[in-house]
Amino acid sequence: MDRLNTKAMLQRRNYNVQPNNHCVMCHDQAIEDISHLFFDCPFALACWQKLGITWNNTNDTIARIVHGRASWGLPFFMEIFIIAAWEIWNLRNGKIFEGKPVNLQLWIVRFKDQVLLQLHRIREELRPLVLQWLSSVI
């Protein structure tokens, strides 16, 4: 829906993006748009790899999510996807606005904590499966 304030979207809407519109999560000097930040950035790819989620190489975000859900095969994909993307976004904001470090271990800790906080939103019959899966995430 083009509502997430990525650097590319802000620049397109004529906001001053200092010092540039490059992704702060990686060193590729790629433009930070939704596709890069959540699917193509090496940091995001490492996060998804930890969860066992893979993406296809299309530029269509919806097609990527549909493919990821089908290939992952567990019934709580969307809950995990939303929490994982939220924590990537939070780390990105922490780096931009507070100069906080970004690393995979920090993301894993924050992701696990957030899953436990949001567990009440997951269907009751799936909660034991989620907890079992979460304990296997390193």
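Is Thr-6 buried or exposed? Thr-6 counts as buried, because its relative accessibility is 2%. The model in which this holds is a predicted one. The points below start from the overall fold, then move to the core and the pockets, and return to Thr-6 at the end.

1. Overall make-up. The protein chain has seven helices and zero strands. Read from the N terminus, the order of elements is α-α-α-α-α-α-α. A reader looking for a sheet in this predicted model will therefore not find strands to build one from, the strand count being zero.

2. Dimensions. The C-alpha atoms fit a box of roughly 50 × 30 × 25 Å along the principal axes. The radius of gyration is 16 Å, and a compact globule of 138 residues would come near 14 Å, so the two agree.

3. Burial and contacts across the chain. Of the 138 residues, 40% count as buried. Among contacts with a separation of 6 or more, 49% join residues that are 24 or more positions apart.

4. The nonpolar core. The largest nonpolar core holds 37 residues, and those with the most contacts inside it are Trp-48, Leu-51, Ile-80, Trp-107, Phe-111 and Trp-133. At least two residues of this core come from each of H2, H3 (42-51), H4, H5, H6 (104-118) and H7 (127-136). H5 gives the most, with nine residues.

5. Trp-133. This residue is one of those with the most contacts inside the largest nonpolar core. Apart from neighbours within four places in sequence, Trp-133 is in contact with Leu-51, Trp-72, Leu-74, Phe-76, Ile-80 and Phe-111. Leu-51, Ile-80 and Phe-111 also appear in the list of residues with the most contacts in that core.

6. Cys-47. The residue sits in helix H3. Cys-47 counts as buried because its relative accessibility is 0%, the cut-off for burial being under 20%. Beyond four places in sequence, Cys-47 touches Ile-88, Leu-104 and Trp-107; Trp-107 is among the core residues with the most contacts. Val-130 lies 83 residues from Cys-47 along the chain, and their C-alpha atoms are separated by 17 Å.

7. The largest pocket. The space in the largest pocket is about 480 Å³. It is lined by 16 residues, and Leu-4, Ile-34, Phe-38, Thr-61 and Phe-81 are the closest to its centre. Helices H2 (34-40), H4 (61-72) and H5 (77-98) each supply at least two lining residues, and H5 gives the most, with six. By class, the lining has 13 nonpolar residues, one polar and two charged.

8. The second largest pocket. About 150 Å³ of space lies here. The lining consists of Asn-5, Lys-7, Leu-10, Asn-16, Val-17, Gln-18, Arg-92, Asn-93, Ile-96 and Phe-97. H1 and H5 each contribute at least two of these residues, with H5 giving the most, four residues. The classes are four nonpolar, four polar and two charged.

9. Glu-32. This residue belongs to the loop between H1 and H2. Although Glu-32 carries a charged side chain by class, Glu-32 counts as buried, at 0% relative accessibility. Leaving out residues up to four places away, Glu-32 touches Thr-6, Lys-7, Ala-8, Asn-21, His-22, Cys-23, Leu-37, Arg-92 and Ile-96. Lys-7, Arg-92 and Ile-96 also line the second largest pocket.

10. Asp-33. The loop between H1 and H2 also holds Asp-33. Asp-33 is partly exposed, because its relative accessible area is 31%, which falls between the 20% and 50% cut-offs. Outside four places in sequence, Asp-33 touches Thr-6 and Ala-8. Asn-5 is 28 residues from Asp-33 in sequence, and the C-alpha to C-alpha distance between them is 8.9 Å.

11. Back to Thr-6. Thr-6 is placed in the segment before helix H1 (7-12). Not counting residues up to four places away, Thr-6 touches Glu-32, Asp-33, Ile-34, Trp-89 and Arg-92. Of these partners, Glu-32 is buried, whereas Asp-33 is partly exposed. Ile-34 is one of the residues closest to the centre of the largest pocket, and Arg-92 is one of those lining the second largest pocket.

Notes
Residues are numbered from 1 along each chain as its sequence is written. This is a predicted model: local features need pLDDT of at least 70, side-chain atom pairs count only at pLDDT 80 or more; totals for chains, interfaces and linings use all residues. Side-chain values use heavy atoms; hydrogens and water are left out. Buried means under 20% relative accessible area, exposed over 50%, partly exposed in between (1.4 Å probe, protein chains only). Contact means heavy atoms within 4.5 Å. On a 1 Å grid over the protein atoms alone, a cavity is a set of points where a 1.4 Å probe fits but cannot get out, and a pocket is an open set with protein on both sides within 12 Å along at least five of seven lines; lining residues have an atom within 4 Å of a point. Grid points are joined across faces, edges and corners, and a volume is the space filled by probe spheres set on the points. A nonpolar core is a set of buried Ala, Val, Leu, Ile, Met, Phe, Trp, Tyr and Cys residues joined through side-chain atoms within 4.5 Å. The radius of gyration is taken over C-alpha atoms; the globule rule is 2.2 Å times the number of residues to the power 0.38.
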